[in-house]
Amino acid sequence: MKIIQELHEAQQDRLTRRHFLKDGSIGLGAMALGSLMGCQSSTQTSSIESQVKELTKKIPKAKRVIFLHMAGAPSQLELFDYKPLLQKLNGQACPDSFLEGKRFAFIKGVPEMLGPQFSFQQYGESRSWVSELLPEFSQVVDDVAFLKAVHTEEFNHAPAQLFMHTGSPRTGRPGFGSWVTYGLGSENENLPGFVVLVSGNSIPSGGKSLWGSGFLPSEYQGVELRSKGDPVLYIKNPDYISRDIRKKAIRTINEINQQSYDEIGDPEILSRMAQYELAFKMQMTVPEATNLSSEPDYIHELYGTHPGEVSFANNCLLARRLAERDVRFIQLYHRGWDSHGSNDFENLHGGFLQRCHEIDKPMTALIIDLKQRGLLEDTLVVWGGEFGRTPMQENRGGIKNPFKGRDHHGEAFTMWMTGAGVKTGVTYGETDEIGYHAISGKIHIHDLQATILHQLGVDHESLTYQFQGREFRLTDVHGEVVYDIIS
Amino acid sequence: MKKRYVTSWIIFSALLLYSSCSHDTIDFNSDVRPILNKHCLACHGGVKAQSGLSFLFEEDAYALTKSGQSAIVRGNAHASELFKRITSDDPDLLMPADRPPLSEQEIKTIEQWINEGASWGTHWAYLAPDRDAEISAAAGAPAVNEIDHFIMAQLDEQNLKPSARADAATLLRRVSLDLTGLPPTPAEAQLYLSDTTDTGYERLIDHLLASDHFGERWASVWLDLARYADSQGYQKDLIRRSIWRYRDWVIHAFNQDMPFNQFTIEQIAGDLLPDATEHQILATAFHRNTMTNDEGGTDDEEFRVAAVLDRVNTTFEIWQGTTIACVQCHSHPYDPIKHEEYYGLYAFFNNTADRDNSMDLPVMELYSPIDHNAKIRYEKVLTELKSDGDTLSDTYQEKLKEYLQLQPAAVPIMSELPKEEQRSTHVFEKGNWLVHGKKVDPHTPGFLTPFDESYSKDRLGLAKWLVSPENPLTARVIVNRFWEQLFGRGLVATLEDFGTQGDPPSHQELLDWLAVEFMTADEWSVKTLLKKIVLSHTYRQSSQIRPKQYAADPLNVYLSRGSRYRLSAEAIRDQALQVSGLFNSEVYGASVMPHQPEGVWNVIRHAASWRQDTTGDQYRRALYTFWRRVSPYPSMQTFDVPSRELCVSRRIRTNTPLQALVTLNDPVFVEAAEQMARGSLAKYAQDIDTRISDMYYAALMKTPEPAAHRDLLAFYNSTVEDYQSKQETHLSASEIDFYATVNVANVILNLDEFIMRN
């Protein structure tokens, strides 16, 4: 009886969190609610026990997600997937069997094998391998779960990023955070429920489609909090309109709108009045939430932050501030990981090295900081690129590149997760001796998505939206929850 | 305890049944098909036909299944496996498997249907519209034309009463925004408000229909369907510099009231018309709005295929209201379209010369209208000079240089491959373009009108088939789109889906009547159709909500009142420009770049830069704003414009705080408030009372109610005080007056009534 009560409460909790769905004007949300609440699973024939089992699976462990996407695809072979044999093969011609029937973005002819470019050590009780490039991160390996055999079919940046964040390699589908806020709503009505933070030299190749709402209503699209200019577009009043005047203006607008409502009786007017009040509140809450200067010195030291810059470090700290404020889906993009050997600014000994330096301290700080605030218990943190890199050295045009680099590779790459019920200090999945193919524990992108949704208490098969005559899902018609990595 | 629960449940259900059971005969379409769709088709439909049984096509439903039996024995429910399975006591046999069973009522319906002979029915939308619908006016109901007769008859049935006419100011603004996307100019307002009789109203309508802004307004609707944008899409999203010529073609076609069947044929197959004109070829840029992928390492054939698939899907969504994308991979789960038939349609589009080339080849070289005229002028002058033997003079050389600088634009167009290069089309097994199945020739789906033997088996034939009077869908789907724009909701609410999963029509007889008239008496004239609708009493009703009526019909499906909804992204911007006096009314031309916050276009490495127009083009209509697929204009995106990567039939209207921030703070809206204040101050410098009325009138074509006027005045006064009390600003009295007036204007431009179409 007790567990059923608990489940009931869990459901009630989710219902109240999703209070916005009660608004009759948002019928679509209500539809999602129906399918989410598992109307279909409670059949007459199924026993109470199986219902309990079903519901237990659906209790949300995560209230929110922070997704650290390394756009451009970092090399797993230089960071986590240590392959001593590859070192021995360094410089040898790649065997034909590795090349037959494969499509590469740039590799032509027969490339050479490329050994790990940096040294590795094992850390923590979990004895997890981490390269010398992530000294800070190596200290928190016991808090994370490494997924060593993630795979994708896409081998170009834009489609692969779209695949990771929308479940489809083509544009036009809703972003991950759009699906999540559509399904679960927002817990902080003074801030957007799906926030996007971008660092690196520009936004990722997948473009804004990565956080567009696709066919979902536009209110679910990700809102970019910009580091320069207004954090949210148009949030700042013109110079000559003070907050006091704005307050009076909104009061006046709503007084007259109230008169319209009294005359016309359209409930949409009441909804608009509420949105204006909310906009006014956001003008306060957004600058407050994004004001990193208010953090104490030791926090800046922990993250390596410098308020006012566009940086991954600042975005990590901002992510924690947004998590504290119950923003549902916080998506970070850090760009510049496309480590081909063709240029100095992205090759393994150039840009790649720099990127590692940029992320090491802040992402470690994020884990430590979330943990010390108790936020890691219900915040799921995910790290990874859109695919991995080849064990071969990239040789565009069939000739050797001037720098050390690797081509795109989707068959096996490493991601890590932590928080919100994810097992800690574990490694799941394994690749072959050169890190080319997965040999166990494969996780497809749709599986990863299903697992993240599962931690949020959402059945990925039930979160659907009707468009162009069919029910669409984030996981398309695929996806299996990876129960082995969650406790 | 469990047992008692079950028993009482059965008694309860029996009671329910007893009270609701009707003795009318069962209709397959309205009673049975929804049950099959809901419970059965997931496993016994177009995707899966488990145990050899499918309810998608009539012949399959009655055929023998794998067990050697037929699921349905006509006239005998209890001998039918279908009935046995949905009522079985054995959980292993009970259908649907692992899902909630059918309700008692549903079971009863199936039982009665089988017992009555289990007659199949064709879905309403696949039957030709009824050409002889009887129209009779409901007694005492207001009616201007036939539309009202249909609407009033149904209101009567629903026990609802129509509303009175909207007041003149509301109607003036409504019809102007609806037909031209702009509020009326003061002159237009005067034209109507001085004569609000039916004659005066009709004169106003004729005036609006004749305006060049008419074409702009309807083009912006069409461009969502045509997925028009100024860039190629995908990762690099390269710029399409000249595709705006197609956008202008659409505006022009609406302004000329090109018959819709011709409008259709030219866009799908203008290049295949005999002696095709430059304009007819330009029209085919319609299907070149598909995306082009220039990312390194992509297979051009893969993205050519993606473009062709998109052309099939878009064509069927726009003209047939049929969502067909799912048939790429397997037969349609709910509608009677076979997997192979999809590729029959694909074959019509599979022989154009484009192949995902980054230059968007093939293109047509086209001079802009200005350059075209200049070219003729130069040629004349040069010929004259030449005939004078003056070819070595500076004048000649200079003119020649200028002449040579006139370069045509390259507009992507459709062009058919020569016979010997034509591709053969194969079914893609499970939708995978690399796995070729059976070879197919161009053909249209069997459930629709037969493809006339006289049509050529190419895009031209397909276009003619779409607009043939026998096609049951095209005219219905199209009139429904226009209806939706004027009422905020279609007669079929799912504009994009007239299939069995779409909403049934709220007024099928009216829809059929409009469709038939559109094809016959109206001769496919959009202006005639629109005029008929806006003249009706139904359209002219007040949108005021009466509580009882609201309770009975909250969504206003039956139209017992005028509709009221938020303006489109384009109209919101255009309206602010127009009423403030900033508006640049120039029609046609290259896309423009109004103010956009810095950094928004910092999209990708290959990004072109956003160069803000400063010489007046920044105040052009929203329709002309440069449309980049990866980064649509941010304020318009906030008001629900799609990215234009794919065809979108319906924009879903949202209501969010970010929208309030746009109309409060986006520089163009702030400028509009400033301009409005400036204009009013120039006229009524001394008198804030008059200024308030003046600005309010400019926005809404009426003076404010006393309460609203009082609120605006109080706000003005307190704003003045605020500025005065802040000594550090050192504003002069006239500056304070100006800024306080701007604030009032800003409030007016944010009123619900202004954001809504009432």
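In this predicted model, helix H7 of chain B (residues 168-180) offers a welcome check on geometry: its 13 residues, at 1.5 Å a residue, should span 18 Å, and the C-alpha atoms at its ends are indeed 18 Å apart, so expectation and model agree. H7(B) is also mostly covered, with 10 of its 13 residues buried. The buried set runs through Thr170(B), Leu171(B), Leu172(B), Arg173(B), Arg174(B), Val175(B), Ser176(B) and Leu177(B), and is completed by Leu179(B) and Thr180(B). Just after H7(B) comes Gly181(B), which takes a positive phi of about 75 degrees.

Stepping back from this helix, chain B as a whole contains 31 helices and six strands. Its radius of gyration is 30 Å, close to the 27 Å that the globule rule gives for 758 residues, and chain B is therefore as compact as a globular protein of that length. The C-alpha trace of chain B spans about 90 × 75 × 50 Å along its principal axes. Of the 758 residues in chain B, 47% are buried. Contacts across the sequence add to this picture: among the contacts in chain B with a separation of 6 or more, 68% are between residues 24 or more positions apart.

Attention may now turn to the place where the two chains meet. The contact draws 61 residues from chain A and 69 residues from chain B. On the side of chain B that touches chain A, at least two residues each are supplied by helices H23 (547-552), H25 (634-638), H26 (657-665), H29 (706-725), H30 (733-748) and H31 (752-755) of chain B. The most comes from H29(B), which gives eight residues to this side. Sorted by class, the side of chain B that touches chain A holds 28 nonpolar residues, 25 polar residues and 16 charged residues.

A final view concerns a single residue of chain A. Leu353(A) lies in helix H12 of chain A, which covers residues 351-372. Is Leu353(A) buried, partly exposed or exposed? Leu353(A) has 16 C-beta neighbours inside 10 Å, and because a buried residue needs 20 or more while an exposed one has 12 or fewer, Leu353(A) counts as partly exposed. Leu353(A) can also be placed relative to Leu134(A): the two are 219 residues apart in sequence, while their C-alpha atoms are 9.8 Å apart in space.

Definitions and conventions: Residues are numbered from 1 along each chain as its sequence is written. Chains are lettered from A and ligands numbered from 1 in the order in which they are written. This is a predicted model: local features need pLDDT of at least 70, side-chain atom pairs count only at pLDDT 80 or more; totals for chains, interfaces and linings use all residues. Two residues are in contact if their C-beta atoms, placed from the backbone, lie within 7 Å. Helices (H or I, at least four residues) and strands (E, at least two) are DSSP runs, numbered from the N terminus. Ala, Val, Leu, Ile, Met, Phe, Trp, Tyr, Cys and Pro count as nonpolar, Asp, Glu, Lys and Arg as charged, and the others, Gly among them, as polar. The expected span of a helix is 1.5 Å times one less than its number of residues. The radius of gyration is taken over C-alpha atoms; the globule rule is 2.2 Å times the number of residues to the power 0.38.
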